[in-house]
Amino acid sequence: MEPASALSQRGHVPWQGFLLSVSLLTFWSPPTTAKPVLELMPSNATEGNDVLFLVYNRSDDLVGYSWYKGQTVDRNSQIVSYNSANQNITNGPAHSGRETIYPNGSLLFQKVIPKDTGYYTLHVLNAALQSDLVTGQLHVYPKLLKPTVTSNNSDPMEHKDTVVLTCEPEIQDVTYLWLINSQSVENSTRLVLSEDNRTLTLLNVTRNDAGPYECEIRNPVSANRSDPFYLNVVYDATQGSSGLSDGAIAGIVIGVLAGIALIAALVYFLYIRKTGGASDQRDLTDHKLSASNHSQGHSDVAPNKIDEVAYSSLNFNVQESKKPTSASPSSTIETVYSEVKKK
């Protein structure tokens, strides 16, 4: 049997070299090309506008591009292809006549329509016959025209009729919004919105529900609002405004009655005060007249006196200290006049 040294001398690779080769193969891989990047400009488009499927970060060794409608590579869904070697462009079965491919692989989609919404896939092929796939999603929304508000009853009776307002037309993938006096409408006890917000129901309308009403439609790329709509609410003009509750009306009546009572009390107070003042004035006038007549009677006795003198009399009962006699009264009454000089 030959020794191990003999095996190695016959040209066999030692096991250490074999392990080294395996390690190098494990950690070494061939260089890969850069993966292209796709950007839709814009990804949300309005009907009738153009969209550019922009391709960048591509490698220089690409030999061809192909565009497909959908997320898979299928011959029947091919839109267009481009051969870099001869710059040849070939339209596929899914070509609509509105797509244009450029030498860098970008695709221009003109005058898009809602039917164009969906996924689009780019297939690239390099010189090593290696391929890459990159997919983008396009949303195309219809152009929003001005909506209109319709009503099932344009002349409802107050407290009797229910009115249903509808925002026309019905459009897919839009949001409906209602406004009253330019304020957003939300569900309440008398205002009911449908699940899709397209209809607004007014329960037991009142004259305060005349409007104006507006509906607005929106999508991610545009919005439009209707013209103002008014309701002609028919009501009895002899009745009070239905906009006030019974409690509010009762409060107003009580307030009015209280005001009337307060005014009446104030008038009575002023009347009593006025009549009482007039009586006092009349008594004072009578007293002055009496004093004047009294002074006039004495003016004849002293004609030369300039100052007017008013007299008043006071009666005094004076008790004498002497013993009483039969001929004389027990007391005498003397009258003393006092002068009051009037200035």
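This is a short walk through one protein structure, from the overall numbers down to a few residues.

A word on the source before anything else: what you see is a predicted model. Everything I say about it is computed from that model.

Let me start with the whole chain. The protein has 343 residues, and 25% of them are buried. Its secondary structure comes to three helices and 20 strands. The accessible surface is about 23600 Å², and carbon and sulfur atoms account for 55% of that. If you take the contacts with a separation of 6 or more, 52% of them are between residues 24 or more positions apart.

Now to one sheet. Which strands form it, and in what order? It is an open sheet of four strands, ordered β14-β13-β17-β18, with antiparallel pairing. The edges are β14, residues 183-184, and β18, residues 222-225, and each of these pairs on one side only.

I will go across that sheet strand by strand. β14 pairs with β13, which covers residues 175-180, through two bridges in the antiparallel sense. In that pairing, L179 stands opposite S184 of β14. The loop between β13 and β14 contains N181. N181 is not a glycine, yet its phi is positive, about 55 degrees. As for cover, N181 is partly exposed, with a relative accessible area of 47%.

Moving on, β13 is joined to β17 by six bridges, and these two strands run antiparallel. One position to find on the screen is Y176, whose bridge partner in β17 is I217.

How many of the seven residues of β17 are buried? Six of them are, so β17 is largely enclosed by the rest of the structure.

From β17 we reach the edge strand β18. Four bridges hold this antiparallel pairing. The two strands form a hairpin, with two residues between them. Within this pairing, N219 stands opposite S222 in β18.

Next, the backbone features in the loops. There are two cis peptide bonds I want to point out, and each involves a proline. One joins E168 and P169, with omega about 0 degrees. P169 sits in the loop between β12, residues 163-168, and β13, and β13 is a strand of the sheet we just crossed. The other joins G211 and P212, with omega about 10 degrees. P212 is in the loop that runs between β16, residues 199-202, and β17, residues 213-219.

H159 also has a positive phi, near 65 degrees, and is a residue other than glycine. Where is H159 found? In the loop between β11, residues 148-151, and β12. H159 is partly exposed, and its relative accessible area is 44%.

The last part is about aromatic rings. Searching the whole structure gives five aromatic pairs. I will describe one of them, F109 with Y120, which is edge-to-face: 5.8 Å centre to centre and 90 degrees between the planes. The pair links distant parts of the chain, with F109 in strand β8, residues 107-109, and Y120 in strand β9, residues 118-126, eleven residues apart. Is F109 buried or exposed, and what about Y120? Both F109 and Y120 are buried. These two rings also belong to a cluster, in which ring pairs link F53, W67, F109 and Y120.

One more residue belongs with this region. D116 lies in the loop between β8 and β9, the strands that carry F109 and Y120. Despite the loop position, D116 is buried, with a relative accessible area of 7%; the cut-off for buried is under 20%. What does D116 touch? Leaving aside residues up to four places away in sequence, D116 touches K69, R98, F109, K111, L138 and V140. F109 therefore appears twice in this account, as a ring partner of Y120 and as a contact of D116, which is itself buried at 7%.

To recap, there are three places to look at in the model. In the sheet, look at β17, where six of seven residues are buried. In the loops, look at the cis bonds at E168 and P169 and at G211 and P212. Among the rings, look at the cluster of F53, W67, F109 and Y120, along with D116, which touches F109.

How values were computed:
Residues are numbered from 1 along each chain as its sequence is written. This is a predicted model: local features need pLDDT of at least 70, side-chain atom pairs count only at pLDDT 80 or more; totals for chains, interfaces and linings use all residues. Side-chain values use heavy atoms; hydrogens and water are left out. Two strands pair if DSSP finds at least two bridges between them. Rings of Phe, Tyr and Trp (its six-membered ring) pair if their centres lie within 6.5 Å; planes under 30 degrees apart count as stacked, over 60 as edge-to-face and the rest as tilted. Buried means under 20% relative accessible area, exposed over 50%, partly exposed in between (1.4 Å probe, protein chains only). Contact means heavy atoms within 4.5 Å. Accessible areas come from the Shrake-Rupley method with a 1.4 Å probe; for residues, only the protein chains shown count as cover.
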